[in-house]
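Colleague: Could you walk me through the charged side chains in this protein? I would like to learn how each label is earned.

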Amino acid sequence: MIKKFFLWLFLSAFFVLFFSCSTKKNTIISRNMHALATKYNVLYNGQVAFDQAKLQLDDNYKDNFWELLPIEPLKIEEDDKQILLNPSAPPSEKNDEGTSTATGFDRAEEKAVKAIQKHGMDINGKERNRQIDDAYLLLGKSRYYSQRFVPALEAFNFILGNYTEHELRDETRVWQAKTLVRLQNEELAIETLQYLLKNLNLPLELVEDGHTAMAMAYKALDSSQLVLKHLDSAVLFSIDPKQKARNLFILGQLYRNEQKIDSSNLYFERLINFKKAPLRYKIHAQIDRAKNYTKKDSTPLLLARLKKTIKDRDNRPFLDELYYHKGRIEYLNDSVKIALNDFEKSLRVQNAKEYQKELTYEAIGNIYFDKAKFELAGAYYDSIIAITKNKNEKRIRRLVRKRESLDEVIAYEHIANTNDSILKIASLSKTEQEAYFQQHIDSLKKIDELAKIRLENSLTNTTGFGNLSDDTSKSSSKGGKFYFYNNNVAGFGQQEFKRTWGNRALEDNWRISAKKSTIRENKQTDIAIAEDNFDTTKKYDLDYYISRIPTKKSELDSINTVRNDAYYKLGVLYKDQFKEYPLAAERLEKLLTYNPAEKLILPINYHLYKIYANFDEEKSNKYKNIVVTNYPNSRYTSIILNPDKVAASKDANSPEAIYNDVYCDYDFQHYTRAYQKTEKAIEQFKDEPIVPKFELLKAHILMKTKGTEAFKEALSFVALSYPNTEEGKRAVEILENFDNDSVN
């Protein structure tokens, strides 16, 4: 009887609880049971899924610290923009990480929907389950991070329209404003946040979030001053260490963009000293502090800090950037060797970032360029072009043009240096010539003897062809027994080959040394670099060297003329194409010491006047006086004294009038006469602004007379020689269209 009584009691209690927990009955038991089930079961699991997905989203987000960081680390892929137009579309899932994150937010949304549908107690138009408002907030936030902004906004609007709890409504307003920013309705977002921030009793967390969201809205509107103001306020009321660190970093970047370097440094220093900041922000704050370096800074202090940071094992993922910026500071302080060493270390860092490699290659290339080691510079520029993924980026296009122009510089530098050496040796006495070449021969013998000894020492460790049955010989850590697999022997062999034959391409008839490298010059004719017809079998023969020295006056005069022409073209190239004014001045001033032809003296002095105007006013005035005093009736003097008048002149001998005359000949199909006049005009108005117009017209004349290939070649010259002019840009456009359209 007792057992039956307790069984009856249990069943009665169960049925009472079951029927009293209906979502349609407004009883204290029903309200509390559904609230508990919602909070500690459905919503708990949904919140856990949301928190895990949000953490993974933050961890997987890759900031591009070379650009201005977004205030909120949420990357919207190009494909995901369709979500704005199709709210019902599922979130983009491009990889495992993205799929995992999206699944986490989907699960959170699923739990929020379940809480609303299963435990919602909408009785007489009023929600009786006090946890359902949290379910709607979780629903909106999950949709937001799934980048389904229209459905997210619907959830937030529902909360604001149906619930009265102040703290919930304030938090919802922040999320509503962020969603409006994503939907490009910044004005309404700002209005919402302004209303919210008037509440002086807001929790600090919501004040921080409100100002951060306001900064997002103003950033979308490009109101940089207001972005600074609200990020400053967000930092002041900060609760979240991650967002505070991010806001501090962005403030440093923004002040740098405003050219307020002292303020930028202040925020980077605050971030460096912020103990709770994530490591990536602290390290990049140091890096960006180094980017702001000027001679006013304490160089020893900055370098000491960078060295200490580099030594810390925890900072290994950032070594490529740290070494690069340390190298920049060393270079700016004229420690070029240390800078090059730091740049090389940056390149050797394992898993170095590709964009950082590009910057490092470019820095090294620029150093060698400034040292006039153009082949080395070109090799580093080639490395950038090989690894970059942004072929159409403006920086890369400019670098490609610079690299192509380097071929011309390298050729002219080769001509200038070679002919300088020939003329110097030719000026020596017979005894001095013999002593010079005997010293060269002795050095060759020492090098060859040393190489022979090293080769013999390496071969003593092998048995010639080795044990062919020994499979381990090929994979030996020291290179193997078979001499083709011995790295040391192979290296010596390569060195000996280069010493004997020089650099040879892998091609048929590689022994033939008389191969010409050509470049394009102003007249679009090929310049052949001196042939290397040296007989390597006579490299120890003193008489052979002496016999190769030119002695005839006509030969020496020819070498001198070619050398002087190369120096002149180098000066103009450095001035106009590379803006390397000290290099340009050095080449042209050196040319003046060689007694150049009379026709070159006036343009040389004019170019030096223009070059020094960029960095040395005293020297600029010196060359200006030479031109004006010694050549008072020249066009160069007119340009110097009356530039506006010369530009406006329209007489028959003005460049503009001559161009119109040539164009008329071209228009009336007198191509031969037009070509001759163009050639003459280019020579007459050398280095004046109108020359690119003549060059482009000349290209069109070649199209009519010699065909498409000549046209393309001429266009390439215009594009490379005058990249910053309208004619150069037009030439690039025409060349790009060749791939798709035929030229009429």
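Here is our conversation about salt bridges and charged patches.

Modeller: Keep in mind that this is a predicted model, where local features need pLDDT of at least 70, side-chain atom pairs count only at pLDDT 80 or more, and totals for chains, interfaces and linings use all residues. Residues are numbered from 1 along each chain as its sequence is written, and side-chain values use heavy atoms, with hydrogens and water left out.

Colleague: Why is the contact of Arg173 with Asp170 called a salt bridge?

Modeller: A salt bridge is a side-chain nitrogen of Lys or Arg within 4 Å of a carboxyl oxygen of Asp or Glu. The closest N and O atoms of Arg173 and Asp170 are 3.6 Å apart, so the pair meets that rule. By this rule the count comes to 34 salt bridges.

Colleague: Where do these two residues, Arg173 and Asp170, sit relative to each other?

Modeller: Both belong to helix 7 (residues 166-182), and because they are three residues apart there, about one helical turn separates them. Helices here are DSSP runs of H or I with at least four residues, numbered from the N terminus.

Colleague: What makes Arg173 buried?

Modeller: Buried means under 20% relative accessible area, exposed means over 50%, and partly exposed is in between (1.4 Å probe, protein chains only). Arg173 has 14%, so the buried label fits. Asp170, with 11%, is buried too.

Colleague: How do you know that Asp382 and Arg403 form a salt bridge, and what does the pair tie together?

Modeller: Their closest N and O atoms are 2.9 Å apart. Asp382 lies in helix 18 (residues 374-387) and Arg403 in helix 19, so the pair ties together parts that are 21 residues apart in sequence. Asp382 is partly exposed at 34%, whereas Arg403 is buried at 15%.

Colleague: Which residues are linked in a network of salt bridges?

Modeller: Glu269, Arg289, Asp297 and Arg305 are. Within this group, the side chains of Arg289 and Asp297 meet at 2.9 Å, N to O, and both of these residues are buried.

Colleague: What makes Arg398 suitable for a positive surface patch?

Modeller: Patches take residues with over 30% relative accessible area and no salt bridge, and join like charges within 9 Å. Lys and Arg count as positive. Arg398 has 44%, so the area condition is met. Lys394, Arg397 and Lys729 complete that patch.

Notes. Patches are made of residues with over 30% relative accessible area and no salt bridge: like charges are joined within 9 Å, nonpolar side chains (Val, Leu, Ile, Met, Phe, Trp, Tyr) within 5 Å. Accessible areas come from the Shrake-Rupley method with a 1.4 Å probe; for residues, only the protein chains shown count as cover. The place of a charge is taken as NZ of Lys, CZ of Arg, CG of Asp or CD of Glu.
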